[in-house]
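Visitor: I am new to this structure. Could you take one part and show it to me closely?

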Amino acid sequence: MDHFAIVIDHLSQPELLILLPLAVLGGMVIGAIPGLTSTMAVGVLLPFTLFLDPLTGVLILVGIGKGSLFGGSISAILMNVPGTPAAACTVIDGYPLAQKGQAGRAIETALWASFIGDLLSVVALVLLAGWLAKFGQQFGPKEFFALILLSLTVIAALSHESLPRGICGGLLGLLLGTVGLDLVNATPRFDFGVNDLADGIPFLPLLIGLFALPDILEHYMSTARELKAPKIDSTRYTRADFRMTLPTILKGSVIGITMGAIPGIGATASTFVSYAEARRSAPDREEFGKGALSGVAAAESANSGTKAATLIPLLALGVPGDVITAILLGAFYFHGLSPGPLLFQNDLPFIHAMYIALFCAGFCILIFGYALKRWMTLLSAIPRDLLYPPIIFLTIIGTYALSNTMFAVYIMFAFGIFGIMLRRLRIPAPTVLIGFVLSALLEDNLRRALLISQGDVISLFQSPLAMGLHAATLIIVVAVVYRAIRRSRFGKVGSSVAQE
Amino acid sequence: MSGSRLAAASGGLGAVALGCLLLVYLIPVYVPAPPFDLGGAPGPQAFPRIIAWGFIILGGLDAASVLLAGERVLWKKPEAIGRLLLVAAILLASLLVIPYFGMIPVGVVMMIAITTLASGQRLVTSVITSVVFAGAVYVIFDLVAGIPIPSGSLWE
């Protein structure tokens, strides 16, 4: 079968045609409900995708992530509550617009900005991932070790409160990744005589335990009132609005793509950079914060611009740039696929089918957004007290389905408690996940490189590529440490009370 | 303002303690060194040792910076912790009886218990949503998709 026929064969799977639009829609609903996160949704649904064809399984997870980015803007605009962290910036102008009776216009602006940002992001993925993968073909163990070390700097971006504490989270992840048989010498490590741990700590129970259960359990500690279902007005996003906001959308998309392609920055930061740039260059900058349409467009185009861009380092080099791509990396492994240069070499039709499906998912957002925005505003006010028990039920079934044993379910529960403890200790859970995902790759490549050089540590730096990657790591580490010192010197004057 | 400084530093202090525990007990006992020569390459203990030292250095840095800055942590109200413990206990009890009674019956009881006891929702609402959801899950996953659901040893 020729290349084109294989791509068509991948794309014509009935389950993909049905489930991808449903995943996008589901992601939009999840994003619109404050308290349900895309990380939680992807974690809970990941076990069920393992029963599907690899392309469908991976794309469902991507579709949920994409949909949730737009969905988050609905509650941000209507209720002043960002449905996702990336929608935090949309609140600034979206909610004032809703208060002026222009909620419909604001949501449609967010919809078009998300659609264009997402489309351009997929174009960037198509243009850059293949090129980066070719570059990655020159990598040996020491270059991969340097690359993974560079990707671990993601942890710095995820350590909002304290850099040392964030790195401790990453170290915890690296340590958890060493459990089980050592890949080089086949020595058992930290299995405590438990046979089920010989293959290491299972990824999915850890993921669900760390990301879904703590959110749910913490909900029962809060006494926050449920939100009332808001109403949406009939104002529209006109052609004149489109012409006015297009330059901002294009600029926001480029900012989102650039920041999304760099591991560790993520959607939330890019929205604020894009918003600041839109405000700086706007003739009516005093309108920003009071209900500027360009403010909504800047935030939404940037956060959607990051989505496919985060897949560039993942697909081309196998390096996750944020929590969702770290989960996706796990999903690829479960389906027997290794993202990186070899995937481009061995399964190019899979990659091309994925590109086409990603374009289609973008159109799904536009169609569903227009057709169902009124229904989604109603869904956004479903009481979480009724939503969370079924989600717990699904997490148990999903975890059990993975291995047909209750052991995985007990591991999930243990990591749920561990996740709560991490929150009490103010250690960010995403740093643990990143460390866990990269642990085996980091250690394996380091030990292979040293085995080849017979223990000569200097050899790790004796290649131009490795040198360049180590230099980039060093620059990022110096910048992060400098920023942390500045923040602690100027930002925290006197004693502060860390309210939980 | 009330609050605990020690609790604020507990993340860093915990990391230091874990690092020490790894170096002194866990690595020597649970990571055996291979009996053959590794040709100058690091053995299976090397990576965990690097991690352990990382815990000690960075945990110490964090604890020191928190204590010097005088950060404090406010405790949660007892009733909030009580609700959390209640949900965790319901969940744990459910996991322990699932192998005997099966996922679907236990899941229904678990959902009703959490919705009524921890959230204070009406019993009728929680019974209807729990039974409908569990039924839908059984039909979709077990009957249609063939995804295994724990059936319970009592019914076999």
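Guide: Here is a close look at a pair of packed helices, followed by the place where the chains touch. Keep in mind that this is a predicted model. The predictor gives the complex an ipTM of 0.89 and a pTM of 0.80.

Start in chain A. Helix H6 of chain A covers residues 103-136, and helix H12 of chain A covers residues 239-261. The two pack at an angle of about 45 degrees. Their axes are 9 Å apart. That angle makes H6(A) oblique to H12(A), because it falls between the cut-offs of under 35 degrees for roughly parallel and 65 to 115 for roughly perpendicular. The crossing is right-handed.

Now the residues. H6(A) brings, among them, A:Arg105, A:Trp112, A:Ile116, A:Gly117 and A:Leu120. From H12(A) come residues including A:Asp241, A:Phe242, A:Ile249, A:Gly252 and A:Gly256. By class, the contact of H6(A) with H12(A) has 8 nonpolar, 8 polar and 2 charged residues.

Next, the partner chain. In chain A, 52 residues are in contact with 65 residues of chain B. Elements of chain A that give two or more residues to this side include helix H9 (163-176), helix H20 (406-424) and strand E3 (497-498). The largest share, 10 residues, comes from H19(A). This side of chain A has 32 nonpolar, 11 polar and 9 charged residues.

Last, confidence in chain B. Its mean pLDDT is 85, and 92% of its residues reach 70 or more. Among the elements of chain B, helix H2 (residues 10-30) has the highest mean pLDDT, 93. Strand E1 (residues 72-73) of chain B has the lowest, 70.

Note on methods:
Residues are numbered from 1 along each chain as its sequence is written. Chains are lettered from A and ligands numbered from 1 in the order in which they are written. This is a predicted model: local features need pLDDT of at least 70, side-chain atom pairs count only at pLDDT 80 or more; totals for chains, interfaces and linings use all residues. Two residues are in contact if their C-beta atoms, placed from the backbone, lie within 7 Å. Helices (H or I, at least four residues) and strands (E, at least two) are DSSP runs, numbered from the N terminus. Ala, Val, Leu, Ile, Met, Phe, Trp, Tyr, Cys and Pro count as nonpolar, Asp, Glu, Lys and Arg as charged, and the others, Gly among them, as polar. Axes are lines fitted to C-alpha atoms, for helices over the stretch in contact, and angles run from 0 to 180 degrees between N-to-C directions. Angles under 35 degrees count as roughly parallel, over 145 as roughly antiparallel, 65 to 115 as roughly perpendicular and the rest as oblique. A crossing is left-handed if the near helix is turned anticlockwise from the far one by less than a right angle, and right-handed if clockwise. pLDDT is the predictor's confidence in each residue, from 0 to 100.
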